[in-house]
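Please walk me through this protein structure step by step, in a way that a first-year student can follow.

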Amino acid sequence: MSKSPRLYSPYDAPMWESIAEGQMKLQRCTESGTFRYPPGPMCPVSMSMEYEWTPISGKARIIAWTVFHRQYLPAYPAPHLVVAVQLEEGPIMVSYMDHAELEQIKLDALVTMIYADHPDGYRVPKFTLN
């Protein structure tokens, strides 16, 4: 497993490749230092189109969560815990956690990014409580 998804934009291919390798990288503006997610052509702060792919710490804090009690996709059986986290580097990211951690979740709880092999054959980031 742990291969890149087959469909991605010109801006996010390096991100998916880094996830497959187990060390997520995001675009970081070389002018302002701003990390951006999702990847895109231009820094929202400086408007610069110059960037570098920089590894992130994987540290984040929970800013919101919800549980899907209905299965919408075969790869995500219910109940499915979806979280919005703010990465230590600044961007907000939506991902998921194991449902077994639901009872310990609270606003601003610290989490760490880990990686899971998706049933469709690629690796995805997910989070776990510290």
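Which residues form a nonpolar patch on the surface? In this predicted model, the patch is formed by Met42, Met47 and Met49, which together have about 320 Å² of accessible area. One of these residues, Met49, has its place in the loop between E2 and E3, and Met49 counts as exposed because its relative accessible area is 52%, while the cut-off for that word is over 50%.

From that loop we can turn to the strands themselves. Three strands make up an open sheet, in which they follow the order E2-E1-E3 with antiparallel pairing. Strand E2, residues 35–36, and strand E3, residues 51–55, stand at the edges, and each has a single partner strand, so one side of each is left without a neighbour in the sheet. Strand E1, which covers residues 25–29, pairs with E3 in the antiparallel sense over five bridges, and within this part of the structure Leu26 stands opposite Thr54 in E3.

The cysteines deserve a careful look as well. The structure holds zero disulfides, although a reader might wonder about Cys29 and Cys43. The sulfur of Cys29 has its closest cysteine sulfur in Cys43, at 3.7 Å, which is too far for a bond, because a disulfide requires the two sulfur atoms to be within 2.5 Å. Seen from the other side, the sulfur of Cys43 likewise has its closest cysteine sulfur in Cys29. As for their surroundings, Cys29 counts as buried at 1% relative accessibility, and Cys43 is buried too, with a relative accessible area of 1%, since buried means under 20%.

Conventions: Residues are numbered from 1 along each chain as its sequence is written. This is a predicted model: local features need pLDDT of at least 70, side-chain atom pairs count only at pLDDT 80 or more; totals for chains, interfaces and linings use all residues. Side-chain values use heavy atoms; hydrogens and water are left out. Two strands pair if DSSP finds at least two bridges between them. Helices (H or I, at least four residues) and strands (E, at least two) are DSSP runs, numbered from the N terminus. Patches are made of residues with over 30% relative accessible area and no salt bridge: like charges are joined within 9 Å, nonpolar side chains (Val, Leu, Ile, Met, Phe, Trp, Tyr) within 5 Å. Accessible areas come from the Shrake-Rupley method with a 1.4 Å probe; for residues, only the protein chains shown count as cover. A salt bridge is a side-chain nitrogen of Lys or Arg within 4 Å of a carboxyl oxygen of Asp or Glu. Buried means under 20% relative accessible area, exposed over 50%, partly exposed in between (1.4 Å probe, protein chains only).
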